[in-house]
Amino acid sequence: MGVEIGNNCFISVGAWLDHRRGQILIGNNVNITNGAKILSHDATFGRLNKKTSMPKTIITRLDNDVFIGMNAIVLAGVHIHENSIIGAGAVVSKDVPSNCVVVGNPMKIIKKYNMNTEEWEAV
Ligand SMILES: CC(C)(COP(=O)(O)OP(=O)(O)OC[C@H]1O[C@@H](n2cnc3c(N)ncnc32)[C@H](O)[C@@H]1OP(=O)(O)O)[C@@H](O)C(=O)NCCC(=O)NCCS
């Protein structure tokens, strides 16, 4: 339980890391900007899954070099892989692969980093 934070991270004082009953794992060089909310619990689980017991610990992961834009919400259990960028105001309800730019609600991938050209390309 709790929050683990790697090296060289910037976490705004206005960001919210809600680790009640869960765990948030943050890698190195991660930037979490003002108003962003990272959740690792969800009280709706018991209402929606009456026959299944609550998972013991929900883990939310932000891998190395992830950027979370202003007022984005990362829902409990999501894994954002390395070097991905979450746009301002996005609601991240699913795992995000590495090297992507994600925006909106519902979230969508709008760009991917091309390792060969070393450019971000629209998808
Ligand atoms: C997501 C982001 C990184 C994309 O930047 P970009 O690659 O330069 O994006 P573009 O300007 O090329 O926009 C591409 C499309 O995505 C849309 N878009 C960009 N950011 C968006 C956002 N946050 N939410 C919804 N749509 C967004 C654009 O309107 C555009 O749509 P279109 O193709 O229909 O015209 C950027 O817009 C963003 O949100 N940055 C975070 C800002 C922030 O929170 N800063 C904190 C202080 S440092």
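Let's start with the sheet. Seven strands, 7 in number, form an open sheet in the order 2-5-8-11-13-14-15, and the pairing is mixed. At its edges sit strand 2, residues 10-11, and strand 15, residues 119-122. Each of those two pairs on one side only. Keep in mind that this is a predicted model.

Look at the step from strand 11 to strand 13. Strand 11 covers residues 85-86, and its pairing with strand 13 is parallel, over 2 bridges. Which residue of strand 13 is the bridge partner of I85? That is V101. As a reminder, strands of a sheet pair through backbone hydrogen bonds, either parallel or antiparallel.

There is another open sheet. This one has 4 strands in the order 1-4-7-10, and the pairing is parallel. Strand 1 (2-5) and strand 10 (79-80) are its edge strands, each paired on one side only. Strand 7 and strand 10 run parallel and are joined by 2 bridges. Here L62 has I80 of strand 10 as its bridge partner.

Now the whole chain. We have 1 helix and 15 strands. The radius of gyration is 15 Å, close to the 14 Å that the globule rule gives for 123 residues, so the chain is as compact as a globular protein of that length. Along the principal axes, the C-alpha atoms fill a box of roughly 50 × 30 × 25 Å. Of the 123 residues, 30% count as buried. Take the contacts with a separation of 6 or more: 22% of them join residues 24 or more positions apart.

On to the core. In soluble globular proteins, nonpolar side chains tend to be buried together. Here the largest nonpolar core has 27 residues. Which of them touch the most other members? They are I68, A72, V74, I80, I86, V92 and V102. Several strands give two or more residues to this core, among them strand 4 (22-26), strand 6 (37-39), strand 7 (58-62) and strand 9 (73-74). Strand 13 gives the most, with 3 residues.

Stay with V102 for a moment. Leaving out residues up to four places away in sequence, V102 touches S84, I86, G87, A90, V92, V96, M107, K108 and I109. Two of these, I86 and V92, are also on the list of core residues that touch the most other members.

Next, the ligand. Around it are T33, G69, M70, I85, G87, A88, G89, V101, V103, G104, I110 and K111. By class, that shell has 6 nonpolar, 5 polar and 1 charged residues. Strand 13 (100-103) and strand 14 (108-114) each supply at least two residues of the shell. Note the bridge pair from earlier: I85 and V101 are both around the ligand.

One shell residue to finish: A88. It lies in the loop between strand 11 and strand 12, residues 91-92. Is A88 buried, exposed or partly exposed, and why? It has 14 other C-beta atoms within 10 Å, so A88 is partly exposed; buried would take 20 or more, and exposed 12 or fewer. What does A88 touch, beyond residues up to four places away in sequence? The contacts are G69, M70, N71 and A72. G69 and M70 are themselves around the ligand. A72 is one of the core residues that touch the most other members. For scale, A88 and G2 are 86 residues apart in sequence, and 25 Å apart in space, C-alpha to C-alpha.

Technical notes:
Residues numbered from 1 in each chain as written. Predicted model: local features only at pLDDT ≥ 70, side-chain atom pairs only at ≥ 80, totals over all residues. Near = placed C-beta within 6 Å. Nonpolar A, V, L, I, M, F, W, Y, C, P; charged D, E, K, R; others polar. Pairing = 2+ DSSP bridges. Contact = placed C-beta atoms within 7 Å. Core = buried A, V, L, I, M, F, W, Y, C linked by C-beta atoms within 7 Å. Rg over C-alpha atoms; globule rule 2.2 N^0.38 Å.
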